[in-house]
Every structure is written in C-alpha cells, then in structure tokens.
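Do you have your viewer open? Please load the model shown here and keep the selection tool at hand.

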Amino acid sequence: MKALDELTFDNRFARLGDTFSTSVLPEPIAEPRLVVASESALALLDLDPEQAEEPVFAELFSGHKLWEDTDPRAMVYSGHQFGSYNPRLGDGRGLLLGEVYNEAGEHWDLHLKGAGQTPFSRMGDGRAVLRSSIREFLASEALHALGIPTSRAGCVIGSSTPVWRETQERAAMVLRLAHSHVRFGSLEYFYYTKQHDELKQLADHVLSLHYAECLEQPEPYLAMFRVIVERQAELIAKWQAYGFCHGVMNTDNMSILGITFDFGPFAFLDDFDQHFVCNHSDHEGRYSFSNQVPIGQWNLSALAQALTPFISVEALRESLDLFLPVYQAHYLDLMRRRLGLTTAEDDDADLIARLLQLMQNSGVDYSLFFRRLGEDSTDIAVRHLRDDFVDMLGFDAWAETYKARITRDPASTQDERRTRMHAVNPLYILRNYLAQRAIEAAEQGDYSEVRRLHQVLCKPFEAQDSMESYAQRPPDWGKHLEISCSS
Ligand code: AMP
Ligand code: MG
C-alpha cells in the first residue's frame, strides 16, 4: 500500500502532445468533502482506503491540490451523437490528471470529471452535479461487481459550489479510472479533420499500449479492429443479459477498450421491457434497450470509417460481420447460465426468446425472476413464479419445455444448482429508485445511504444480512422516475 504522495505517474497520453490534448488545470470546488470511496478501485492505485478519510484526499480529488508529476489535460475528440456527426466535442468538464503506474505494473488513467471549464466547454460550466456523480460512481462499481467490463470510480467528492441545472444544485467531482480514455470519437476527430499522420499516431498509441498482442499479426491495425469488435460484442451481450441500458451510446461515449464508459441517464431494467428508453431526451428511442445491439454495430462501423486510411474497406466489413455472431454466442452463453443450463442445445435461443416475450407481456421483474428460479427445485420455483405472469397458461407451457430441457442437462443436486445459478443471478442491482433514495439523502448532506448502497452492490450475488429491502422491486414512487439527462 502506498501513501497518497507516493503515487508514481507516467503520463503516456499527455506525452503525445498538444495535438491530442490541451493542458488545463482543474478549477477547485468549495469545501470539498468525501461522499463515498471505493475500496477496490482505490486498491488499483495501491491506495489504502482509510486514506480516503484524510482531508488531503478530498483536496486532491477536487482540484485543490495536485501531485507534482501530474500533467492535467483535456482530451480532444469528436463523435456521432444520436447518429449525426458533431465535429468538436472534447473534454468539456473532465480532465485526465495523469496515469498512475501501480505495483502490479498496470497504468491507470486518473480522470477527474467535473473539474471545471476547458477550451472544449462550449456553453457548459465545466461542472458535474452531485446527483450524476453519485450515479456514475454507483454504476461503475455495480457493473464491475457483476463482472461487466467498465471504467471504475475511485470516489465522489462533494462541495458547496452551486451549479445551475433545472434548479440550483451542488457541484461534485468523480474520480474515474480506466486503462485509457481514448474513445471511438478520439480517432474520428483526426479522421474527419484529415489529419492522417496524427490519426496514425493515435492508432499506434492505442495499438502498442492496449492491443500489443496484435503487433505480431500480419496486419496489426486490422487485428486490433477485430478485437475491438469482439470486445464490444461481448460487452453488449453482458448489458443485454443483465438488463443494463446505457442511455447515450454516442461514439464519443464508446471506449476503445470495450468497457462501459461515460454514464449518463443509464438504468438497469426493473420490469423486463425490450423497448425501454432510459434517456428522456431520446424521443425516437434510438438507444432503447433492444436497440443497443444494432447500435453497438453501428458505432463500430463509425469507428471503421475512421480507420479506412489503414485498413481496406473489405477487411473492415468482414470484421464488422463478426459482431452479431460473437454477440449472439456470448449472450446465449450467459442466458443459459442464468437459466441454470450447463450444456447448449439449438432450441435454447427459442426458449430464451419465449421467456422474454412472456416477461415483456406481464412486466415481470427481470433480475428477481432469475434469482428466484434458482432458489428452489425447478418444480417449486416455477410454481411460485407463475403468479407473476398474466398469461399463466403461456408460462406453464414455457415451464414444461424448460423442465424437459433441464432434465437433458447433466444432473446436479439442488444445492449445486442453486450455487451455480446464484453465482450469475444477482440479488441486488442498481435500481433507479435505490440510487434516487441515496442521492436525496446525500443532497441533504447525509452520505450514509450512498455508502451502504455501494457496499450492498459490491456483492450483488450474495444475500447480505438485513439488506432484504435492497432486493425488492421498486415501490410505486420509484417505478417511472424521470431521470434528468442534465448532469
Ligand atoms: P456527456 O453528455 O457528458 O457525454 O458530454 C458530451 C459532451 O458535452 C462532452 O464534450 C462533454 O465534455 C460536454 N459537456 C457535458 N456537460 C458539460 C458541462 N457541464 N460543461 C462543459 N461541457 C460539458
Ligand atoms: Mg461523454
């Protein structure tokens, strides 16, 4: 473990120079205070979580103090927003402070979101509100605990600095950690401004630091693109299997690493709904739950366009064609496991689709269904679950197919089956109403609920003492919360 002043920096992205990012110092927020910290995320920096309680910690992650070896930078990028190209975005309120080199030999970007205005702020104030910072923190850490690749969050620092959104709120900063903050939009920027030398420099940076295994391939850029396609397909398969809706899948919010990145009005499904749109300004439902799959491929084709100077269009097309089969294979694999199946049969896709349609028709709670399916013997579990379906006969027919399917799987004891299923079916997910309750308390200066919720979500698969209430469906007030897109 290291003390805060012992972090080692190696700022590889900053060294690419001013074409790729601009030097900007963070603008401090007033009266900084720790809202919540993630023990496991801080451990990635070799930091003892107890240090988070020290005043200097809040000062470091609120712009008041900087390590000497940091080189804070606003990164340049553009991207496709809701299908249209926006030529100039860039870090308008976040700064890459530097890259920490840890004892395990990994580099972690320290990114401070809400760090004040930059040359890319356009009309924005450069700030992030407490509400959205807490949501990003909780989502990052919850996804990670579910085994879904994501940027991490080290802490949220609150303040007394006022910011205006629909009403007056308070500014906060969230410490985001990732191996890279390069987005699809970072490459798009250099492609569309016809700076192909710089585009190559950035592609080489990503290739050598994050896809080094591709350097040995005959066509390294193509090999890298294929891996990016595969990782994105796997990521989205996990989102779909766990009911995560990203909300703003613009290409500037797509990480080159295939991790969940840049959280806005995201949501985990309560009731299963293919057509769910969590972003209230997404009037056409471009980023609806089920559209995440085709949009994932669309985003990759936008990235492919930016790589046309290095890879033939034909090879890019062939790689893009990998997306759906890779997605489908991961999705089926996860859904089979969620159903307690250990083998694969051709009809499994149909079994899953039929179940989802029944859930859709009856508004069945997506996460609890799977959890409860593993709780008892199959016979008893389906008998209990039946009551949640309006079309009980339809569910009975599905349950008969499912039970027959289970008997063709290698036999396991009920305990084995429960353990296996509970290991992939979370009891606790970050439901909007849980986040909302924690945020409302935090806005009143009480951070205990954010911290408790974070702890619960760190172990989503394990039933925790006296935490039953965190596993419940939303109460009426929490069912259709309007999550503001302003952040
Ligand atoms: P986001 O919706 O957070 O992914 O941001 C989209 C773009 O708007 C990025 O270029 C952000 O840096 C910028 N942006 C968002 N909010 C603000 C803000 N409050 N101040 C300045 N820039 C912002
Ligand atoms: Mg963004």
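Here is a short tour, one selection at a time, through a predicted model.

**Stop 1: ligand 1.** Begin by selecting ligand 1 and the residues around it. There are 15 of these, and Gly90, Gly92, Arg93, Asp125 and Gly126 come nearest. Now show the backbone of glycine 90: one of its N or O atoms sits 2.7 Å from an oxygen atom of ligand 1. Glycine 92 offers a similar view, with a backbone N or O atom 2.6 Å from an oxygen atom of the ligand. Next, turn on the side chain of aspartate 262, where a polar atom lies 3.4 Å from an oxygen atom of ligand 1. If you switch on a surface, bear in mind that the protein covers 78% of the 470 Å² of accessible area that ligand 1 has on its own.

**Stop 2: the magnesium ion.** Keep aspartate 262 selected and add ligand 2, the magnesium ion. Which residues coordinate the magnesium ion? They are Asn253, through OD1, and Asp262, through OD, at 2.0 to 2.1 Å. Asparagine 253 and aspartate 262 are both buried.

**Stop 3: serine 186.** Move on to helix α5, residues 184–192, and pick out serine 186. Is serine 186 buried or exposed? It is buried, with a relative accessible area of 2%. A polar atom of the serine 186 side chain is 2.8 Å from the backbone nitrogen of arginine 183. Farther away in sequence, show Val76, Tyr77, His181 and Leu202, which serine 186 touches.

**Stop 4: glutamine 240.** Now select helix α7, residues 220–242, and find glutamine 240 there. This residue is buried too, at 4% relative accessible area. Its side chain has a polar atom 3.0 Å from the backbone oxygen of phenylalanine 289. Beyond its sequence neighbours, glutamine 240 is in contact with several residues, including Ser290, Val293, Tyr327 and Tyr366.

**Stop 5: the cysteines.** Finally, select the cysteines and display their sulfurs. How many disulfides does a search of the whole structure find? Zero. Zoom in on cysteine 278: the closest cysteine sulfur, in cysteine 245, is 3.8 Å from its own, which is too far for a bond, because a disulfide needs sulfur atoms within 2.5 Å. Cysteine 278 is buried, with a relative accessible area of 5%. Then jump to cysteine 458, which is in no disulfide and has its nearest cysteine sulfur, that of cysteine 155, 14 Å away. Cysteine 458 is partly exposed, at 30% relative accessible area.

Technical notes. Residues numbered from 1 in each chain as written. Chains lettered and ligands numbered in written order. Predicted model: local features only at pLDDT ≥ 70, side-chain atom pairs only at ≥ 80, totals over all residues. Heavy atoms only, no water. Helix = DSSP H or I, 4+ residues; strand = E, 2+ residues; numbered from the N terminus. Buried < 20%, exposed > 50% of the residue type's maximum accessible area, 1.4 Å probe, protein only. Polar contact = N/O pair within 3.5 Å; in protein donor to acceptor, adjacent residues only side chain to side chain. Contact = heavy atoms within 4.5 Å. Donors = N, O, S within 2.8 Å, 3.2 Å for Na, K, Ca; no water. Near = heavy atom within 4 Å. Areas by Shrake-Rupley, 256 points an atom, 1.4 Å probe, with all protein chains shown as cover. Lists of a residue's contacts leave out its neighbours within four places in sequence.
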